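Please walk me through this structure, moving from a single residue to its sheets and then to its helix contacts.

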Amino acid sequence: MLEHASLGGGERKVIEPATGQVMCTVGIANAADVATATQAAANAQKAWVAVPPREKADVFRRAGALFQQHFDELALYATRETGGILPKGQHEIREAITICHLAAAMPLQSQGHVLPSVPGRISIARRMPHGVVGVISPFNFPLILTLRAVAPALAAGNAVVIKPDTRTPVTGGLMIARIFAEAGLPKDLLQVLPGDAEAGEALVTDPLVPMIAFTGSPAVGRRIGELAGKHLKKVSLELGGANSLIILEDADLDVAASNAAWGAYLHQGQICMAANRIIVHESITAQLLQRLVAKATHLPVGDGATGQVALGPLIDARQRDRVHAIVQDSVRAGAKLEAGGTYDGLFYKPTVLSGVKPGMRVFDEETFGPVANIITFATDEEAVELANNNTGSLASAVISKSVGRAMALGQQLKSGMVHINDQTVNDDCVNPFGGPGIAGNGTSVGGTSDWEEYTQWQWMTVKDTAPMFPF
C-alpha cells in the first residue's frame, strides 16, 4: 500500500464531529497516486488467484478474529470518527466480523457449473474474478459499507482499491487495511486512497479497474454510472431514495411510534434505509403524532462516545445546513413543525414534521438527517400511491396486526427490500441488498448476490482431441 505521507494530493485533518478535535492526519491521493496503486494491485492479483482456497479462507478467519480481539478499541474509534453513539460503533465491528466469516466461506464454495454437452466434450461455466475492483464508500457506516464490498471481492479472487470518504478514512479504509495486513493478506492486494473527486474519477476511469462498487448519494452515483458506462465497466451502485414506513389503523400505537422513531432517528437519520416517509392512517395520526413528539422531545442528543445519548452529531456543517434548509423549506411550503428543527453546533434535535405532502422537499428528497415526516392516508390504495411516489426506494415497511393485509400492501411497493411488522433499517449481511431507480441500478450485494457482483462468467469446453472440420 502507498505510504500516505507520500500521496500527491497533500494532507487533511480528520475531525471528530462531536468535539471538533483532530483525530489524525491522512494523505490525500491524486490521479497519479491512483494509477500507481491500481498497477500494484493488478500485479498482486495475479498471484492471489493462484493461492489455494483454504489459504484464502484462513486470511478472512484471521481478520475476523482480529476485529474481535480489538473490539472495544475499534468500536470506540468508529464511534468517534463517524459521530455515532457507542452501540452504533459496536454494531459496525460486530458486522465486520460476520462479513469476514461469510467471506471465509466463499473460496470453499462451488464456483461454477457443469453444463449439458455432446458426448466426448465437457462444458463448464466458471466464475472468474474481474481483476481489480474499485470501492468508493461513504461516511455514515464506513466500516460495514466498505468491507461488505472489499471482503467478498477479495474472496472471489480480486484485488481491491478503496477510496474512502475523507471524513472517515480510518474506519472506512485504513482500519481494514491494517487488519488484513496483520491477517496475512498479500502485500499490495488491498490499496487505500483517501481522496476527492479527482481520485474518484481517476479510479472509475482507470483501465486496470473493470468494476466499481459505489455507495453514496444519487448525484455522485449518476456521475459514476455515466463514467463507468463510457468506459464499459461493471458498476454496482447503492444510493438511497425515499423509504416509506406505512402504519395501518390497527397497529399498536406504542409499538408503531417506537418503530417510527428508530427508523427515522437512528444514527441521526444518516442511513440509506432511514424511514424518510412515515405514512399513517388518518384515524390514528393524532395519537401517533403525540407519541412521536414525546420521543423526539426527550431523546438525549450529545457526544455518543462519552455519554448515554440516543443521537450524536451530524457528520459536518455542510450536512447540518442541508438538513436545516430542507426542514425550513418544507415548513414554508406548509408542513407543521411539531418538534425539533433546531441545532447546537452539529447536534441537530430530533425533528417531527406533520402535514407533509408531495412537492415538499422532505417528501421528495432524502433528508439524511433526524427528521420524521408524517404523511396521512385514508385508503390502502392511497398509502401505496404515496409510498411509490418516488424515483427509487431502497427499503419499505408496513406495520399492522393483519399480516395478510400488510403483505398485500408490501407486494405493491417498489422497493428493493420490504419488511412486514418492522421498520425500514434492516440488513442481515446474507440478504440481497439493493434497490431500483435512484436507490441503485438494480444490483444487489450480500449473500449469493456477491458472486454475481464480484465475478464474471467464463464458458470453457474441453475435448480429448481437436476434431476435423469440413473446411
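A residue counts as buried when its relative accessible area is under 20%, as exposed when that area is over 50%, and as partly exposed in between. The model discussed here is predicted. Lys295 has a relative accessibility of 32%, so Lys295 falls in the partly exposed class. Lys295 belongs to helix α10, which covers residues 285–298. Leaving aside residues up to four places away in sequence, Lys295 touches Ala257, Ser258 and Ala261. His91 can serve as a reference point for Lys295: the two are 204 residues apart in sequence, and their C-alpha atoms are 23 Å apart in space.

The sheets come next. Strands of a sheet pair through backbone hydrogen bonds, and the pairing is either parallel or antiparallel.

One open sheet has seven strands with mixed pairing, in the order β12-β15-β16-β11-β10-β17-β18. Its edge strands, each paired on one side only, are β12 (336–339) and β18 (417–420). On average, neighbouring strands in this sheet are turned by 20° against each other, with direction ignored. Within the sheet, strand β10 (residues 244–247) runs parallel to strand β17 (residues 395–399), and four bridges join the two. Ile247 stands opposite Ile399, a residue of β17.

Two helices can be placed against this seven-stranded sheet. Helix α9, residues 253–265, lies across β10, β11 (277–281), β15 (351–354), β16 (371–377) and β17. The angle between α9 and β16 is about 130°. Helix α13, residues 380–387, also packs on the sheet, where α13 touches β10, β11 and β16. The direction of α13 makes about 140° with that of β16.

Another open sheet has three strands, in the order β3-β4-β19, and its pairing is antiparallel. β3 and β19 (455–463) are the edge strands, each pairing on one side only. Here, too, neighbouring strands are turned by 20° against each other on average, direction ignored. Strand β3 (residues 112–115) and strand β4 (residues 121–129) run antiparallel and are joined by four bridges. Val114 has Ile124 in β4 as its bridge partner. The hairpin of β3 and β4 has five residues between the strands, and in this hairpin Gly120 takes a positive phi near 85°. On the other pairing, β4 and β19 are antiparallel over nine bridges. Ile122 stands opposite Val462 in β19.

Strand β5 offers a case of burial. What share of the residues of β5 is buried? Five of its five residues, 132–136, are buried, and the strand is mostly covered. Both faces of β5 are covered. On one side, Val132, Gly134 and Ile136 are buried, and on the other side Val133 and Val135 are buried. The partner of β5 is strand β6 (residues 159–163), with which β5 pairs in the parallel sense over five bridges. In that pairing, the bridge partner of Ile136 is Lys163 in β6.

Two helix contacts complete the tour. The axes of helix α3 (residues 71–82) and helix α6 (residues 170–182) come within 11 Å and cross at roughly 155°. That angle makes α3 roughly antiparallel to α6, because angles over 145 degrees are classed this way. From α3, the contact is made by Leu74, Tyr77, Ala78 and Glu81, and from α6 by Val170, Thr171, Gly172, Met175 and Ile179. By class, this contact of α3 with α6 has six nonpolar, two polar and one charged residues.

In the other contact, the axes of helix α1 (residues 31–49) and helix α7 (residues 197–205) come within 8 Å and cross at roughly 40°. This crossing angle makes α1 oblique to α7. The crossing of α1 past α7 is right-handed. Ala31, Val34 and Thr38 of α1 meet Glu198, Ala199, Ala202 and Leu203 of α7. The residues of this contact of α1 with α7 divide into five nonpolar, one polar and one charged.

Methods. Residues numbered from 1 in each chain as written. Predicted model: local features only at pLDDT ≥ 70, side-chain atom pairs only at ≥ 80, totals over all residues. Heavy atoms only, no water. Axes fitted to C-alpha atoms, helices over the stretch in contact; angles between N-to-C directions. Parallel < 35°, antiparallel > 145°, perpendicular 65-115°, else oblique. Left-handed = near helix turned anticlockwise from the far one by under 90°. Contact = heavy atoms within 4.5 Å. Nonpolar A, V, L, I, M, F, W, Y, C, P; charged D, E, K, R; others polar. Buried < 20%, exposed > 50% of the residue type's maximum accessible area, 1.4 Å probe, protein only. Pairing = 2+ DSSP bridges.
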